Amino acid sequence: MAPQGRGYIGASKSVNAMLAEEEGKRPLTKITKQWLSDAGIDLNVSFVKYLIRTGFLTPTEWHHTSKLYNETDYYDAENLAEQINTLSEEERIEPLLETYQHYPNPRDAQVNGLLIDADRVGEVAIWRAFALNNLQMHLGGHIDVLNIPELFGENNSIYVLDEGLYTDAPTRAIYANKAMERAGYLSQVTGQPVKEGELFTVIYGRFIILGYDHTTGTDENLPQEAVKNIRDYFTTTSPELSGIKEINHLRHLNHIPITQEQALNIIEKNINAVMVYDFVYRDLSNIDLSNHDLRGIRFTGTNLTNATLTGITYSYNNFEYANLTGATLTNANLRGVHFENANLSGANLSHSNLTGAFLKDANLTGTNLTNACLDDINFDNIDFTNCHLDGAYTLTYSGEKRLVTDILTKKGIPYQKSMSLQETAREAREAANTLNEPTDKASRSHQER
């Protein structure tokens, strides 16, 4: 901040500007290699000015100069040295220098694109030097790329929140266009080839669209024509709150049926990395997906009653709010899976690996966890009072097994000590039947329709 004015010296600069220069401070145009060197700064003069122009180095004060009373920034060499040391300690100098060498014009230091949320489409600028950190900061977590080249063309990148389905609300619906129909895209809602205008998928959480250069493999500014097309799409085709509206519609449909053949077709597409598909709020009851690798496919709210999922690989994914009543998940890799609010009543998870799984508020009535690995799980928020835990274990640091029942006893957490599998299965069936019975005349009428 400039001190109180003391008048002007001719028409060139203020008295305060002259005093600042006498103290050794300089405006940007008068920064020299020797001036920087005297303060122990061994960076190239042009690079230091680049850091100033891009805002990574800031002035100590400003003063009026010229007859137009311009507000001119002044820099103190020792203060700049301190700022540079801070950037160095934060390991930011090297990526900034690399960006400067490839894009010496400060105007190219950032990539401009669009940030889209449930109710707005705004502009966003991403620093090239810290692109990953910037994207994660704007989206609120780890990111992934949504690959739909037929939607807006190949020269763009759509960055979404990797775990948005777990942590965020639905924002925008993606509807198929003619190019997606011709390319044979499968709807993530029905599993069928999508038609123009039909719902393809729903994005959870905010997302960013940037331009992309296939020659250099780098993100670039989104062209103005693309900006217009994308704004139009998210104004007319997929307007505000379209994602929430579509998800609510799917929930009111009380699950959309899908055949075994359709489900396996989607899984095959997923294995071939064509697209990550969802079975969110779908009806997969009685389906057999044994021994399949289901990573990347989300089952939030899915009806998997009596499904056979023996030997599946589904680590670090989502069964939140899913109905797994009577399902078989024996010998499965369920490491880090989210089961929050899932119904596992009567399900068989014996001999499965649930290391790091999340079971808070899950219904474990009659659940068979015999010989299951329950390592690295917070038992304090789980109701074990009606499930089968014989042989369920955690691992010590030396790799030795420790029975879960011993841990629960020590913690004073109640659990079922002597219920046979037949008894637990019977109770689970009874509980499921109770849950499925109509509770009033309106619900009975709805079921009859």
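User: Hi! How many helices and strands does the protein have?
Analyst: Hello! The protein has 15 helices and 17 strands. Keep in mind as we go that this is a predicted model.

User: Okay. What share of the residues is buried?
Analyst: Of the 449 residues in the protein, 46% are buried.

User: And what about the surface, how much area does the protein expose?
Analyst: About 23200 Å² is exposed, and carbon and sulfur atoms supply 46% of that area.

User: Let's go inside. Which residues touch the most other members in the largest nonpolar core?
Analyst: Those are Phe319, Leu334 and Phe339, in a core of 50 residues. Two elements give two or more residues to this core: helix H12 (260–271) and helix H13 (404–411).

User: Why would nonpolar side chains end up together like that?
Analyst: As a general tendency, nonpolar side chains in soluble globular proteins are buried together.

User: Which residues does Leu334 touch, leaving out those up to four places away in sequence?
Analyst: There are several, including Phe319 and Phe339, which we just met. Leu334 also touches Ile312, Tyr314, Leu329, Leu349 and Leu354, among others. Asn353 and Ser352 are on the list too.

User: What about the second, separate core, which residues does it include?
Analyst: That core has 33 residues, among them Tyr175, Leu199, Ile203 and Phe207.

User: Let's switch to strands. Is S12 largely enclosed or open?
Analyst: Strand S12 (residues 207–213) is largely enclosed by the rest of the structure, because 5 of its 7 residues are buried.

User: What does S12 pair with?
Analyst: Let's take the partners one by one. Strand S6 (residues 110–116) runs antiparallel to S12 and is joined to it by 3 bridges. Within that pairing, Ile116 has Phe207 as its bridge partner in S12. Phe207 is also one of the residues in the second core.
Analyst: Strand S9 (residues 156–161) pairs with S12 over 4 bridges, again in the antiparallel sense. There, Gly211 of S12 stands opposite Asn156.
Analyst: Strand S13 (residues 218–220) is antiparallel to S12 as well, with 3 bridges. Asp213 is matched with Thr218 in S13.

User: How many residues lie between S12 and S13 in their hairpin?
Analyst: There are 4 residues between them, and Gly217 in the turn has a positive phi of about 70°.

User: Which residues have a positive phi although they are not glycine?
Analyst: Two to look at are Tyr316, with a phi of about 55°, and Asn341, with a phi of about 60°. Tyr316 lies in the loop between strand S15 (282–283) and strand S16 (393–395). Asn341 is in the loop between S15 and S16 as well.

User: Is Tyr316 buried or exposed?
Analyst: Tyr316 counts as exposed, because its relative accessibility is 55% and the cut-off for exposed is over 50%. Asn341, with a relative accessible area of 33%, is partly exposed.

User: Last one: where is Thr54?
Analyst: Thr54 is in the loop between helix H3 (45–53) and strand S4 (61–65). Although it sits in a loop, Thr54 is buried, with a relative accessible area of 9%.

User: What is Thr54 in contact with?
Analyst: Setting aside neighbours within four places in sequence, Thr54 is in contact with Pro106, Ala109 and Trp127. In addition, a polar atom of the Thr54 side chain lies 3.3 Å from the backbone oxygen of Leu51.

Note on methods:
Residues numbered from 1 in each chain as written. Predicted model: local features only at pLDDT ≥ 70, side-chain atom pairs only at ≥ 80, totals over all residues. Heavy atoms only, no water. Core = buried A, V, L, I, M, F, W, Y, C linked by side-chain atoms within 4.5 Å. Buried < 20%, exposed > 50% of the residue type's maximum accessible area, 1.4 Å probe, protein only. Contact = heavy atoms within 4.5 Å. Polar contact = N/O pair within 3.5 Å; in protein donor to acceptor, adjacent residues only side chain to side chain. Areas by Shrake-Rupley, 256 points an atom, 1.4 Å probe, with all protein chains shown as cover. Pairing = 2+ DSSP bridges.
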